[in-house]
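Trainee: Could we go through this structure together before I use it at the bench?
Mentor: Certainly; please bring it up.
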Amino acid sequence: MQIGVIGAGAWGTALATVAARNGHHVALWDPVPEISAMVNSEHRHPFALQDVALAPTIVGKGDLEEVATAALLLIAVPAQSMRPALDALSQHIKPRTTLVICAKGIEIKTGALMSEVAAACAPQATVAVLSGPTFASEVARGRPTAVTVAADDQTAGEKIIHALGDQNFRPYLSDDVIGTQVGGAVKNVLAIACGIAHGRMLGDNARSAVITRGVAEIGRLSLALGGKPETLMGLSGIGDLVLTCTSEQSRNYSLGRTIGAGKTLERAMTESANTVEGVATAVSIANLSSRYGIEMPISYAVNSVLHDRADIDTTIAALLARPFRTEMAFM
């Protein structure tokens with residue numbers, strides 16, 4: 001099968017390696033032409049996963065039209081770049097092409113989930129979502145990984161699983177496209193909160209509290225948007241949340257730790273030199289929580305620190321001063 005990958009950052013490149021290991025020919029596109037050139041000439045990425053040898057069946061393409069002819073397209077561009085990428089791609093997509101959204105975020109301007117952006121930009125395609133606890137470096141090296149593939153069209157979901165699934169990359173099928181995306185988006189913001197707690201040296205108990213109360217925030221937003229509560233207990237919920245909130249490999253956690261240690265957002269972003277999805281998603285979540293009247297105090301606090309220049313210690317004190325209440329996950 002010919003599989004197309006749009007976006008050749010670390011995650012898109014890692015997914016290309018998964019497809020190639022499963023015997024597929026992969027067309028890889030990115031707006032940076034140097035990436036395609038080095039993939040083709042040296043079979044490696046110029047700056048992401050540099051020590052990972054890429055199979056000769058992964059071919060860099062400079063023309064979107066060449067990639068769009070694939071029956072299965074993995075869309076791995078950053079969330080805030082999803083709409084322009086799909087607008088450019090849509091005119092070349094054939095009917096019944098399967099688009100797999102591999103980005104985790106919520107559009108700032110509209111509050112739309114990535115599947116909603118895809119449906120608006122490419123209505124002729126079938127849309128699915130791939131999410132779960134993944135670090136690109138481990139996936140690219142073939143280390144055991146489990147993910148969620150969510151699709152309204154279960155036949156399309158099974159097609160994706162059969163194309164990408166193997167002994168070390170194990171997709172599990174879900175029909176909850178909304179809940180899968182909410183878990184993947186909100187956990188990035190919560191990871192920034194955990195990183196801030198680390199940077200402020202608040203201890204492991206505090207991190208555990210953020211993770212656990214963060215579950216409630218994910219659940220509230222997911223239910224408000226139409227997601228299923230049981231999805232939160234799976235790979236795209238608890239699984240992704242725990243991984244991202246506890247590992248130094250997480251861009252969001254690392255950025256939060258840097259900010260918690262006293263550096264500005266601008267300095268932290270410069271030091272990261274990678275897309276940190278939680279920074280933009282914090283704005284989207286703050287807007288959605290206000291729109292739907294949902295309590296999401298941790299996520300809102302992260303947005304205030306990142307974008308409203310709120311004092312970190314004052315913000316933490318306000319969270320800790322909230323009234324005591326009965327522990328009910330989604331209430």
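Mentor: We shall discuss the domains, then one pair of helices.
Mentor: This is a predicted model, in which local features need pLDDT of at least 70 and side-chain atom pairs count only at pLDDT 80 or more, while totals for chains, interfaces and linings use all residues. Residues are numbered from 1 along each chain as its sequence is written, and side-chain values use heavy atoms, with hydrogens and water left out.
Trainee: How is the protein chain divided into domains?
Mentor: Domain 1 covers 1-174 and domain 2 covers 184-319; such bounds come from an automatic or database domain assignment.
Trainee: And how many residues are in contact there?
Mentor: In domain 1, 24 residues are in contact with 24 residues of domain 2, where contact means heavy atoms within 4.5 Å.
Trainee: What area do the two domains bury between them?
Mentor: About 1700 Å², 63% of it on carbon and sulfur atoms; buried area is the accessible area (1.4 Å probe) that two parts lose on being put together, summed over both. K104, I106 and F135 supply 36% of the area that domain 1 buries against domain 2, more than any other three residues.
Trainee: Changing topic, at what angle do α14 and α15 cross?
Mentor: The axes of α14 (residues 297-307) and α15 (residues 312-320) cross at roughly 165° and come within 10 Å. Therefore α14 is roughly antiparallel to α15, a term for angles over 145 degrees.
Trainee: Which residues meet there?
Mentor: From α14, P297, I298, A301 and V305 meet I312, T315 and L319 of α15.

Terms used
Axes are lines fitted to C-alpha atoms, for helices over the stretch in contact, and angles run from 0 to 180 degrees between N-to-C directions. Helices (H or I, at least four residues) and strands (E, at least two) are DSSP runs, numbered from the N terminus. Angles under 35 degrees count as roughly parallel, over 145 as roughly antiparallel, 65 to 115 as roughly perpendicular and the rest as oblique.
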